[in-house]
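Please open the model in your viewer and keep the selection tool at hand. We will take it one stop at a time.

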Amino acid sequence: MVALCQKRVLVLNRLWQPIHICSPRRAIGLLYLDHAQVVDSDGSAIHGTHDFRSWLKESTVRIRAKKTDGLASMGSTSIRVLVPSIIVLSAFDRFPKRDVKFTRENIFRRDDFTCQYCGQQKEPEDLNIDHVIPRNKGGANVWENVVCSCILCNTRKGNKLPGKDSGTFPIRKPKAPLWRPLGANCQFNAATLDQRWSLFVQPVAA
Ligand SMILES: [Zn+2]
């Protein structure tokens, strides 16, 4: 049987779009509270949906028949429920929008690994974070004041202010990125992708 800690559950919104990945415990909790249903899929077809009661019945049958198909289970010795691979939410608002973490990697992602001064797309190791208003001139370390910059442009700009002073404004006015659902760009390493998710998410080569 698959170790529980390794299991992740794909969460779909009411429009059946992938929006999140959650823990088995969270998934079972949402099912129990009737906030979600199990999507029974083998990766090539959807065989139906289950609420908590019907999934519990289904789990019992599959566990007895030893046809768990790699799904882990949770519960006590007398009652066990299979950890679903995919759930679909019954309402839109179960997962609050989260702020995107302010990290170097996420700043690069927001700017699409593109220098905001010369417009060239680069590898992460050839990029820096530039403070539009330099820190030593009172510029804050916030989304609105940082951009992705290539090392050359970053050096050229140095500690100068944008505009008159250095002749450089970022191509796009920097702002905090919006948290987006996983959506069409949702990609997982093919080696670790749960095959049952393949109707909803795209694998990428390992
Ligand atoms: Zn540049």
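How far apart are the end C-alpha atoms of α2, and what should its 13 residues span at 1.5 Å a residue? Keep in mind as you look that this is a predicted model.

**Stop 1: the helix α2.** Select residues 52-64, which make up α2. The end C-alpha atoms of α2 are 18 Å apart, and this agrees with the expected span, because 13 residues at 1.5 Å each should cover 18 Å.

**Stop 2: past the end of α2.** Now move on to Lys66, which follows α2 and has a positive phi near 55 degrees. Lys66 lies in the loop that runs between α2 and β5 (73-75), and it is not a glycine. Most residues other than glycine have a negative phi. Is Lys66 buried or exposed? Count the other C-beta atoms within 10 Å of Lys66: there are 6, so this residue is exposed.

**Stop 3: another positive phi.** Select Trp16 next, in the loop between β1 (9-12) and β2. Trp16 is again a residue other than glycine, and its phi is positive, near 65 degrees. Trp16 has 13 C-beta neighbours inside 10 Å and therefore counts as partly exposed, given that the exposed class stops at 12.

**Stop 4: the sheet.** Show the strands as a cartoon and follow the order β2-β1-β7-β3-β4: these 5 strands form an open sheet with mixed pairing. At its edges are β2 (18-22) and β4 (46-50), each of which pairs on one side only. From one strand to the next, the twist averages 30 degrees. Zoom in on β3 (residues 36-41), which pairs with β4 in the antiparallel sense over 4 bridges. Here you can pick out Ser41, which stands opposite Ile46 in β4.

**Stop 5: the nonpolar cores.** Which residues touch the most other members of the largest nonpolar core? Select Val9, Val11, Leu12, Ala27, Leu31, Ile86 and Ile87; they hold that place among the core's 23 residues. At least two residues of this core come from each of β1, α1 (24-32), β3, β6 (80-82) and β7 (86-89).

Stay with Val11 for a moment. Setting aside neighbours within four places in sequence, Val11 is in contact with Ile19, His20, Ile21, Cys22, Ile87 and Leu89.

To finish, select Cys115, Tyr117, Val146 and Cys153. They are among the 9 residues of a second, separate core.

Key. Residues are numbered from 1 along each chain as its sequence is written. This is a predicted model: local features need pLDDT of at least 70, side-chain atom pairs count only at pLDDT 80 or more; totals for chains, interfaces and linings use all residues. Two strands pair if DSSP finds at least two bridges between them. Axes are lines fitted to C-alpha atoms, for helices over the stretch in contact, and angles run from 0 to 180 degrees between N-to-C directions. A residue is buried if 20 or more other C-beta atoms lie within 10 Å of its own, exposed if 12 or fewer, and partly exposed in between; C-beta atoms are placed from the backbone. A nonpolar core is a set of buried Ala, Val, Leu, Ile, Met, Phe, Trp, Tyr and Cys residues joined through C-beta atoms within 7 Å. Two residues are in contact if their C-beta atoms, placed from the backbone, lie within 7 Å. The expected span of a helix is 1.5 Å times one less than its number of residues.
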